[in-house]
Amino acid sequence: MIGETEESLKKQGVDYVAGRAWYEENPRGQIIGDKGGFLKLLYRRADMKLVGVHVIGELATEVVHIGLMAMLTGSTAEIFVEACFNVPTLGQLYKTATLQAIRHAAETK
């Protein structure tokens, strides 16, 4: 994991939105047979800046660094919406989780 947790954001009073993507719904996750892995992204709602990344599952160390680079550059959700990820890769989880976060943010305005 990198950055904030939901608990730390709540303690700080930061309004946030979470997006999740599951390995079992991702082609690469299906290939490696991980039915329990997931990626959770936390965005500050006001500007959709990425503030937390959590990965549990096979090859998590190869997935988490994508979020690290985004956080180090102060990126927002837009970077994952606009990015083209190779398929099948677990990197595609970032786009899936981000789109879910955006939908959730729009539904809970």
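In this predicted model, a positive phi of about 70° is found at Gly-74, just after helix H3. That helix makes a handy starting point for a walk through the fold. H3 covers residues 60-72, and its 13 residues reach 18 Å from the first C-alpha to the last, close to the 18 Å expected at 1.5 Å a residue. Its buried residues are Ala-60, Val-63, Val-64, Gly-67 and Ala-70. Viewed down the axis of H3, these buried residues fall within an arc of 110°, so they line one face of the helix. The face turned away from that buried side carries Thr-61, Glu-62 and Leu-72, which are exposed. As for what covers the buried residues of H3, the list includes two strands, E1 (2-3) and E4 (49-56), along with two helices, H4 (78-82) and H5 (92-107).

It helps to step back to the whole chain here. The protein chain has five helices and four strands, and from the N terminus on its elements follow the order β-α-β-α-β-β-α-α-α. The C-alpha trace spans about 40 × 25 × 25 Å along its principal axes. For 109 residues, a compact globule would have a radius of gyration near 13 Å, and the 13 Å of the protein chain agrees with this. Of those 109 residues, 40% count as buried. Contacts also reach across the sequence: among those between residues at least 6 apart, 60% join residues at least 24 apart.

The strands come together in an open sheet, where the four of them take the order E1-E4-E3-E2 with antiparallel pairing. E1 and E2 are the edge strands, as each pairs on one side only. H5 packs on this sheet, where it touches E2, E3 and E4, and the direction of H5 makes about 140° with that of E2. H3, for its part, lies across E1 and E4 and runs at about 175° to E4.

Edge strand E2 rewards a closer look. Spanning residues 16-22, E2 is mostly covered, with five of its seven residues buried. E2 and strand E3 (residues 38-44) run antiparallel and are joined by seven bridges. One of the residues to follow here is Arg-20, whose bridge partner in E3 is Lys-40.

Lys-40 turns up again in the surroundings of Val-53, a residue of strand E4. Val-53 is buried, because its relative accessible area is 0%. With neighbours within four places in sequence left aside, Val-53 is in contact with Met-1, Ile-2, Leu-39, Lys-40, Leu-41, Val-64, Gly-67, Met-71 and Tyr-94. Two of these partners, Val-64 and Gly-67, are among the buried residues of H3. A further pair ties the strand to the helix by distance: Val-53 and Ile-66 are 13 residues apart along the chain, and their C-alpha atoms are separated by 9.3 Å.

Technical notes
Residues are numbered from 1 along each chain as its sequence is written. This is a predicted model: local features need pLDDT of at least 70, side-chain atom pairs count only at pLDDT 80 or more; totals for chains, interfaces and linings use all residues. Side-chain values use heavy atoms; hydrogens and water are left out. The expected span of a helix is 1.5 Å times one less than its number of residues. Buried means under 20% relative accessible area, exposed over 50%, partly exposed in between (1.4 Å probe, protein chains only). The arc is that of the directions from the helix axis to the C-beta atoms. Contact means heavy atoms within 4.5 Å. Two strands pair if DSSP finds at least two bridges between them. Axes are lines fitted to C-alpha atoms, for helices over the stretch in contact, and angles run from 0 to 180 degrees between N-to-C directions. The radius of gyration is taken over C-alpha atoms; the globule rule is 2.2 Å times the number of residues to the power 0.38.
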